[in-house]
Amino acid sequence: MTQSHPRISKAVIPAAGLGTRFLPATKATPKEMLPVVDKPAIQYVVEEAVSAGLDDVLMITGRNKRPLEDHFDRNYELESALEKKGDAERLAKVQESSDLATMHYVRQGDPRGLGHAVLCAAPHVGHEPFAVLLGDDLIDPRDPLLRRMIEVQERHGGSVVALMEVAPEQIHLYGCAAVEATADGDVVKVTGLVEKPDPADAPSSYAIIGRYVLDPGIFGILRETEPGRGGEIQLTDALQQLAQDEKVGGPVHGVVFKGRRYDTGDRGDYLRAIVRLACEREDLGPDFRTWLRSYVAEEMQQS
């Protein structure tokens, strides 16, 4: 018999990072506000949470992150100006972000890693399971990864991580999971985790990507977790304890994702994400694809 577990209603989005890989653009602008075509990356993430049924969103912010709050707030002066111009289309786009979800904000005063950022959410989350979405990973809305993860958590309890198979030479960039197969083809049981292992020491080719559904028992572990790799409190280290001792917060499962993921945390992948999403837009795609083909053809001739 399938066991029933508490319904998930809250999403946590850590957004306190400095964005040093995108300097100087992020000197005064949060990296989460960098545009992906014509929307900031963070809006895609909030939209994903809402589409999965999570409209209570807590954002973990830091210094110089005020534009994040402003983006999801009303801008009455701009709205009034657009309304006077009769520009209903742009007015709707401006109002869309402020109507998406119930937004809350907590500041991570001392940036001590992802585990510490998640711990900052404890007073808001309480004793309920919750989702964590990292802003560097954009998941295509046609591939409902988070919704599937919530289904798995509601069935099995405990925590669920998103996994993607990567090339062995790339595994050192990710947290890595040791897994066992289950009756569901896209679901595995996680038996161990290690943060950014050397390829020779990696237990598998399954990398953790930026989506988690977590049991609230994670908070107690995070409070006792010592700084790990990079001198930071690693969420992976806390999940490793959950995987080894199910009595603390239930089992850890993984959903193996084979869909469309856009990595905006790297400059090259950020540019590729913009190109891919622009090509698929009905309003931009046809003309942009024509230009892109012409540009590529010219470059190939010159080379």
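I take a residue as buried when its relative accessible area is under 20%, as exposed when that area is over 50%, and as partly exposed in between. I also keep in mind that this is a predicted model.

**Entry 1: helix α9**

With that cut-off I went to helix α9, residues 235–244, and asked how many of its 10 residues are buried. I found seven, so α9 is largely enclosed by the rest of the structure. I wrote down the buried ones by name: Leu235, Thr236, Ala238, Leu239, Gln240, Leu242 and Ala243.

**Entry 2: helices α3 and α4**

Next I looked up how two helices pack, which is described by the angle between their axes and the distance between the axes. For helix α3 (residues 76–85) and helix α4 (residues 88–99), I noted that the axes come within 9 Å and cross at roughly 160 degrees. Because an angle over 145 degrees counts as roughly antiparallel, I recorded α3 as roughly antiparallel to α4. I added that α3 passes α4 in a left-handed crossing.

Which residues of α3 and α4 meet? On the α3 side I listed Leu78, Glu79, Leu82 and Glu83, and on the α4 side Arg90, Leu91, Val94 and Gln95. Sorting this contact by class, I have four nonpolar residues, one polar residue and three charged residues. As background to such lists, I reminded myself that an α-helix has 3.6 residues a turn, so residues three or four places apart point the same way.

**Entry 3: the cysteines**

I then searched for disulfides, a disulfide being a covalent bond between the sulfur atoms of two cysteines. The structure holds zero of them. Are Cys120 and Cys176 buried or exposed? Cys120 has a relative accessible area of 19%, so I entered Cys120 as buried. Cys176 is at 0% relative accessibility and therefore also went down as buried.

**Entry 4: Glu151 and Thr20**

I turned to two single residues, starting with Glu151, which I located in helix α7, residues 145–156. Its relative accessibility is 41%, so I put Glu151 down as partly exposed. I also checked Glu151 against Ile8, which is 143 residues away along the chain, and found their C-alpha atoms separated by 9.8 Å.

Thr20 lies in the loop between β1 (10–14) and β2 (35–36). With a relative accessible area of 54%, Thr20 is exposed. Finally I took the pair Thr20 and Leu146, 126 residues apart along the chain, and noted that 28 Å separates their C-alpha atoms.

Notes: Residues are numbered from 1 along each chain as its sequence is written. This is a predicted model: local features need pLDDT of at least 70, side-chain atom pairs count only at pLDDT 80 or more; totals for chains, interfaces and linings use all residues. Side-chain values use heavy atoms; hydrogens and water are left out. Axes are lines fitted to C-alpha atoms, for helices over the stretch in contact, and angles run from 0 to 180 degrees between N-to-C directions. Helices (H or I, at least four residues) and strands (E, at least two) are DSSP runs, numbered from the N terminus. Angles under 35 degrees count as roughly parallel, over 145 as roughly antiparallel, 65 to 115 as roughly perpendicular and the rest as oblique. A crossing is left-handed if the near helix is turned anticlockwise from the far one by less than a right angle, and right-handed if clockwise. Contact means heavy atoms within 4.5 Å. Ala, Val, Leu, Ile, Met, Phe, Trp, Tyr, Cys and Pro count as nonpolar, Asp, Glu, Lys and Arg as charged, and the others, Gly among them, as polar. Buried means under 20% relative accessible area, exposed over 50%, partly exposed in between (1.4 Å probe, protein chains only). A disulfide is a pair of cysteine sulfur atoms within 2.5 Å.
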